[in-house]
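I opened this notebook to record, step by step, what I looked up. My plan was to begin with one residue and then to work outwards to the chain.

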Amino acid sequence: MEAIVQVLPKIQGGQSVTHEISETDKDRARLRHRLMRLGLAVVVVLPTVVAALYLWLIAADQYHSDSAFSVRSEDYSNPLEALSVFTQVGSSSGSDSQILYDFIRSQPLMQQVDADLDLRALFGKQPSDLVFSLERDASREDMLDYWQRMVKVAVDPLTGVLSLQVRAFAPEDAEAIAQSILAQSGRMVDDLSRIARQDAIRFALEDLEEAEVLLRDVRRKVRVFRLENDIIDPTEAAQSQMGVIAALEGELASALVERETITSFAGEEDQRVKRVDRRIEAVRSQIDQERRRIGRPTSGPSSLVDAIGSYEELLVDLEFAQRAYTAALAASEQARAEARRTNRYLAVHIPPTLAEDSLYPQRGLLILLVLICSLAVYFTGLLIYYNVRDRG
């Protein structure tokens, strides 16, 4: 009842109610503004100040070493190059620069460099720098991730030149790591070239062996054919047989001419005509025998005609085998000649540099990034708050 009595004067005076409500809104607004300033200090100012203090007071200086290199091949014109179509011996179709790019970022290279220089000691020289230094007990996966952050490599797709940048806490360390990377990359290129040359020689020798076996087999077939048919070259025998027939036909023509001459002044009963007729008959009989002899079997199982067909097939096989053997022999000599040369090598255009000033970490840029990210988080939170309040 007393509460109702105390409220009545306020109800009677509308200005008093309005005044009290305005004071409540002002208190809420002041509280909201304090919370916004507190949020700005916690979300934006504090992270930026902490990042600035860490970068300028704790973060260790990093030095870089730059280098540029590529894989080059010697230009060599081989006189046997025209025969390479038979063996398909050539360079690999893969991109050497891309292979090197993947190799530099790989764990095997990191382990090789670590075995040479002890990367844990080089990258862990600043134990107080917990953000940018490598932990002493880091796993291989963590070490590989740190390696890929400290070793940057880029490939120019047009020229194939690789640009390498290595960062470390001492300029001598960065230079030593870059030199070790170049040395290991050169060994890898040499190993790939050696394997390619060995494969080329091995494939060429296998092709040569196959061609030699084929040639020997065809020659053996030719020798067996000659032994079975008791003939060296059936085509020459046929030509000799046709020469005999041609000679007999010439003699037959001469006898016919002679008979025609005699019958021009003597009768059919003349002894000279009868003698010429017997001669003509004998020549014709001999011609028939010689022609039948071509189709009769030789001393072997086949006739001369069949022997000529089989022999011509063997000659085609022999010619192909000889050409294949010649091409394989030339390819093997070409592979041996190329194996004695270094057809791929690592060409260093810019040797590893030795830095004098520390350019990393880029403190100003990192502080600006922290500030921008903090502001983004802060304003995103404000937008979410006002959106929820307006919908509530």
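Before anything else I noted how elements are named: helices (H or I, at least four residues) and strands (E, at least two) are DSSP runs, numbered from the N terminus. I also wrote down that this is a predicted model, in which local features need pLDDT of at least 70 and side-chain atom pairs count only at pLDDT 80 or more, while totals for chains, interfaces and linings use all residues. Residues are numbered from 1 along each chain as its sequence is written, and side-chain values use heavy atoms, with hydrogens and water left out.

Entry on S65. I found S65 in strand β1, which covers residues 63–73. Is S65 buried or exposed? I read a relative accessibility of 0%, so S65 counts as buried (buried is under 20% relative accessible area, exposed over 50%, partly exposed in between, with a 1.4 Å probe and protein chains only). I then looked up its contacts (heavy atoms within 4.5 Å) and, leaving aside neighbours within four places in sequence, noted L164, Q165, V166, A174, E175, A178, P352 and T353. For T353 I added that its backbone oxygen lies 2.6 Å from a polar atom of the S65 side chain.

Entry on the sheet. I saw that V166 in β3 is the bridge partner of S65, and that β1 and β3 (residues 162–168) pair in the antiparallel sense over seven bridges (two strands pair if DSSP finds at least two bridges between them). I traced four strands in an open, antiparallel sheet in the order β2-β3-β1-β4. Because β2 (151–155) and β4 (344–350) stand at the edges with a single partner strand each, one side of each is left without a neighbour in the sheet.

Entry on the core. I turned to the largest nonpolar core (a set of buried Ala, Val, Leu, Ile, Met, Phe, Trp, Tyr and Cys residues joined through side-chain atoms within 4.5 Å), which has 34 residues, and L100, F123, W147, L164, I177 and I181 touch the most other members. I recorded that α7 (171–229) is among the elements supplying at least two residues, and that α7 gives the most, with seven residues. Looking up W147, I listed among the residues it touches, beyond four places in sequence, L109, V113, F123, I177 and I181.

Entry on the whole chain. I noted 11 helices and four strands, and I read that 33% of the 392 residues count as buried.

Note on methods
Polar contact = N/O pair within 3.5 Å; in protein donor to acceptor, adjacent residues only side chain to side chain.
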